[in-house]
Amino acid sequence: MKIKTPHIRFLELKWPFIAVSVLLIAMTGYLYFTKGLNYGIDFKGGLTMLFQFSNQESVTERKIDEVLRKAGKTNIVVQRFGKSEENTFVLRTEVENIDSNKLVEEVQNAFKQDLTLGTPTLLKNDFVGPKAGKELKRKGQFAMLIAWVVILLYIGFRFDFYFAPGAIVALIHDVLITVGVFAITGREVNLTVVSALLTIIGYSINDTIVIYDRIRENIAKHKTMTLEKVIDLSLNETLSRTLVTALTVFFVVLVLFLRADGDIQDFALAMVVGTIVGSYSSLFIAAPIYLWCKKVFKKKAA
């Protein structure tokens, strides 16, 4: 079924949407410098253990915490993992310079001595040293910076450099607002979330490129039309494609967010937010900035 092309004047609506974006980014900056992000053990260093217990009726987070405190382990955070019937718990500690093997053994012994927990099974344990954590954090930030620079160069040579600033601003906008959601909710920022942010960059730029390509085609096709009308026409012509693609991705990652646990749920949350702001920025951020660059820099060049 062919969807009729709408006639929405996107450029007339740009200022309210830009104001909303500026407000959201300002809130992200405020939360980042006041509250900070809840970095995971991937970046801070520490030990993660995943335990499953055979006695399902009496095992709760509080009960495990009590057992650990009796054993003198007061700096371990306990969190249920997965469905309640699976009776699986993740334990995290951020203590630096620990003997991870010794700590795992001590925790196992503490669980074995408490008969109410049943038989504990260590499913996995991961240790990241503090130096390795800082290095991973630096590499994650560097990966995003490299992605932005490569995209800037690609758009510059593939189209022209008037298009590039809008695409980069839109990508930075998408990443910052997604990070802002993690700052507000206090959810953990780990390597899985960084991989989601890089995925958002790839998804968002693909959407922006489709719109830019249509703008370029319409500039050549409608030479007597003003640039504002060409941009509005292009956004309307690609709107159905943008919405269908975004909704398809959105529903998939939404189901993943509602059904998954742990790191996968964090990944899905970042993708849910990234899908919404990525489509939004392609329509209301990237195109208006292209128009602004075209007017300002072309005028100076003349």
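Q: In this predicted model, is Asn87 buried or exposed?
A: Start with where to look: Asn87 sits in the loop between strand 3 and strand 4. Its relative accessibility is 1%, and the cut-off for this class is under 20%. So Asn87 counts as buried.

Q: What is the phi of Asn87, roughly?
A: Most residues other than glycine have a negative phi. Asn87 isn't a glycine, yet its phi is positive. The value for Asn87 is near 55 degrees.

Q: Which residue with a positive phi follows helix 3?
A: Go to helix 3, which covers residues 61–70, and look at what follows it. There you'll find a residue whose phi is positive, near 85 degrees. That residue is Gly72.

Q: Are helix 3 and helix 4 roughly parallel or roughly perpendicular to each other?
A: Two packed helices are described by the angle between their axes and the distance between the axes. Helix 3 and helix 4 (residues 100–113) have axes 9 Å apart, at an angle of about 115 degrees. Angles of 65 to 115 degrees fall in one class, so helix 3 and helix 4 are roughly perpendicular.

Q: Is the crossing of helix 3 with helix 4 left-handed or right-handed?
A: Picture the place where the two helices meet: Ile64, Val67 and Leu68 come from helix 3, and Val107, Ala110 and Phe111 come from helix 4. The way helix 3 passes helix 4 there is right-handed.

Q: How many nonpolar residues are in the contact of helix 3 with helix 4?
A: Helix 3 brings Ile64, Val67 and Leu68, while helix 4 brings Val107, Ala110 and Phe111. Sort them by class and you get no polar and no charged residues. The nonpolar count is 6.

Q: Where around helix 3 do its buried residues sit?
A: The buried ones are Lys63, Ile64, Val67 and Leu68. They cover an arc of only 135 degrees around the axis, so they are on the same side of helix 3. Over on the other side you'll find two exposed residues, Arg62 and Lys70. The buried set, then, shares one place: the same side of helix 3.

Q: Which elements do the buried residues of helix 3 pack against?
A: Lys63 is one of these buried residues, and so is Leu68. Their packing partners include one helix, helix 4. The full set is strand 2 (46–53), strand 3 (77–81), strand 4 (88–93) and helix 4.

Q: Are helix 1 and helix 6 oblique or roughly perpendicular to each other?
A: Helix 1 spans residues 14–34 and helix 6 spans residues 164–185. Their axes come within 9 Å and cross at roughly 50 degrees, in a left-handed crossing. The perpendicular class runs from 65 to 115 degrees, so helix 1 and helix 6 are oblique.

Q: How many polar residues does the contact of helix 1 with helix 6 have?
A: On the helix 1 side you have Ser21, Leu24, Ile25, Thr28 and Leu31. They meet His173, Leu176, Ile177, Val179, Gly180, Ala183 and Ile184 in helix 6. By class there are 8 nonpolar and no charged residues, and the polar count is 4.

Q: How far apart are the C-alpha atoms of Gly36 and Ile184?
A: Gly36 is in the loop between helix 1 and strand 1 (38–39), and it's partly exposed because its relative accessible area is 23%. Along the chain, Gly36 and Ile184 are 148 residues apart. In space, their C-alpha atoms are separated by 9.5 Å.

Q: How many charged residues are in the contact of helix 6 with helix 7?
A: Helix 6 packs with helix 7 (residues 191–221) at about 145 degrees, with the axes 10 Å apart. Among the residues in contact are Asp174 and Phe182 in helix 6, plus Ser204 and Tyr212 in helix 7. The classes are 11 nonpolar and 4 polar, which leaves the charged count at 1.

Q: Which residues does Val169 touch, leaving out those up to four places away in sequence?
A: Val169 is in helix 6 and is partly exposed, with a relative accessible area of 39%. Its C-alpha atom is 14 Å from that of Tyr212. The residues that Val169 touches are Ile285 and Ile289.

Key: Residues numbered from 1 in each chain as written. Predicted model: local features only at pLDDT ≥ 70, side-chain atom pairs only at ≥ 80, totals over all residues. Heavy atoms only, no water. Axes fitted to C-alpha atoms, helices over the stretch in contact; angles between N-to-C directions. Helix = DSSP H or I, 4+ residues; strand = E, 2+ residues; numbered from the N terminus. Parallel < 35°, antiparallel > 145°, perpendicular 65-115°, else oblique. Left-handed = near helix turned anticlockwise from the far one by under 90°. Contact = heavy atoms within 4.5 Å. Nonpolar A, V, L, I, M, F, W, Y, C, P; charged D, E, K, R; others polar. Buried < 20%, exposed > 50% of the residue type's maximum accessible area, 1.4 Å probe, protein only. Arc of directions from axis to C-beta.
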